Amino acid sequence: MTTVTSYAPPRGPRLLAGWADTARVADLSAHVGRYGPLPPVDRALIGMVDAAGLRGRGGAWFPTGRKLAAVAAGGRRPIVVANGADGEPASDKDHALLTVAPHLVLDGMVLAATALGAADAILCVHRGDPLAPAVHAAMRQRTGDPVAIRLVELPARYVASEESALVNFLNTGEARPTDTPPRPFERGVRGRPTLVDNVETLANIALIARYGPDWFRAAGTVAAPGTMLATVGGAVTAPGVRELPLGTTVSVALGASGGVSEPVGAVLVGGFGGNWLAMSDAAELPLTPEDLAAVGGSLGVGMLLALPARVCGVAETTRIVRYLAGESAMQCGPCMFGLSSIARDLEMLMFGGRPDVLDRLRHRLGVVRGRGACAHPDGAVRLAASALTVFAADVHTHAMGRPCAGIRVASGIRVPVGGIGLGWR
Amino acid sequence: MRLRLNPIACHAHGLCAELLPELVDLDEWGYPILADGGHVPSALVDQAKAAVAACPTLALRLVKPA
């Protein structure tokens, strides 16, 4: 296989290159003009993706080449599913990518499907997402694709885009996680080996197929090459989605969003199921999966929220955990009962509890962790546990019955109400 | 051998903890917590089989270690 070289690879932003240059949504001709036509690929693309060291941008950061190889080894004709239905309320990166560069995602789907010998590919977005008509229009512009692409809208729930939930929805119409194994790569949509990849991951495949693994590795770190689409929000001057090389430090990422707009005490990294880091610890931390894991966190979907120092971290954590409890799929007992119990403990702590509330909360965090079919309870536990560490001094005064004044200060972080009146179909 | 719990199928009947208290504890909501990642010492295999057979929702299985 040869790499198409007639179009110069982008320098600086890769996935958002068109947007950075023109501030316009790329239609098919703009897309082809920038990146060139779809390169011819075969099964060797799997080896290229592996050599590039691409890892999944949906939050797990699993090596994409290994996942492709596992799907290819399944024996039956696979199906490709592009996950563009990010459930993180404060993350906007998948939405932004699909809005400004839909053809990069569609290219990635076609290329992955071709490499796997798949005939069907499904692009999933949230039901009612205003970008759906534009994505439809982009799909209609493409006439020569060798793969049939279908757009599917799924319930806009937090765990509905977890990969087993996504496959369950496509198979049965119910977007709740299932017990694994089997994982989708073994037995997914219609029982076939199914590649479920985040849209940002697939867009990167479209670039690797064109410019090769060495070009891809020119940005990022050895273990985590390439760029990441980070959603930077909270107390920054210019919140939004930024494309940054993996390994960018938290302070540089905040700087890329205009810097902090007021004194910041802590940042929330990864997602609502991520963890708090004290600003002093976070500033020089490189944004890679390994660096986040080393501090007990997760890079997740690359979300970075700056919490103003005058806001109470206990109150903020309580709001988020209450939301996550409402978004439980209500299937596994420890998640169904545990998260709402943990949220209630946090609420009591927030308004000034007694020391035994804190003891009970700590106990419950230990009991609930790792006991769901999916990682939803683990994310809520991680967030709450990190709050007890990062806001330790504050937690102590709350537990002694003296809640801080910060509980009445709005953080600017939007946390929806979870679960009320929403279904799974 | 190893015990594997399907947490979605489990509805907290609690028979497993009744029949296999050496390896199964119940949380405050009645759901089982498996000791030692579900590892079953050979002396308890028969008891584990009884617990698996008693589960009304077939949520508990005995599997060979991966």
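User: In this predicted model, which strands of chain A are included in what covers the buried residues of helix 8 of chain A?

Analyst: The buried residues of helix 8 of chain A have a covering that includes four named elements of chain A, and these are strand 1 (79–83), strand 2 (120–126), strand 3 (148–154) and strand 4 (194–198).

The helix itself fits this picture, since A:Glu163, A:Ser164, A:Ala165, A:Leu166, A:Val167, A:Asn168, A:Phe169 and A:Leu170 are buried in helix 8. Because 8 of its 10 residues are buried, helix 8 (residues 163–172) of chain A is largely enclosed by the rest of the structure. The strands asked for therefore include strand 1, strand 2, strand 3 and strand 4 of chain A.

User: Which residue follows helix 8 of chain A, and is its phi positive or negative?

Analyst: The phi of the residue that follows helix 8 of chain A is near 85°, hence positive. The residue is A:Gly173.

User: What radius of gyration does chain B have, and why does the value agree with a compact globule?

Analyst: The C-alpha trace of chain B spans about 30 × 20 × 20 Å along its principal axes, and its elements run β-α-β-β-α-β from the N terminus on. Because a compact globule with 66 residues would have a radius of gyration near 11 Å, the value for chain B agrees, at 10 Å.

User: How many residues of chain B are in contact with chain A?

Analyst: On the side of chain A that touches chain B, the residues divide into 5 nonpolar, 3 polar and 2 charged. These 10 residues of chain A are in contact with residues of chain B that number 8.

Technical notes
Residues are numbered from 1 along each chain as its sequence is written. Chains are lettered from A and ligands numbered from 1 in the order in which they are written. This is a predicted model: local features need pLDDT of at least 70, side-chain atom pairs count only at pLDDT 80 or more; totals for chains, interfaces and linings use all residues. Two residues are in contact if their C-beta atoms, placed from the backbone, lie within 7 Å. Ala, Val, Leu, Ile, Met, Phe, Trp, Tyr, Cys and Pro count as nonpolar, Asp, Glu, Lys and Arg as charged, and the others, Gly among them, as polar. Helices (H or I, at least four residues) and strands (E, at least two) are DSSP runs, numbered from the N terminus. The radius of gyration is taken over C-alpha atoms; the globule rule is 2.2 Å times the number of residues to the power 0.38. A residue is buried if 20 or more other C-beta atoms lie within 10 Å of its own, exposed if 12 or fewer, and partly exposed in between; C-beta atoms are placed from the backbone.
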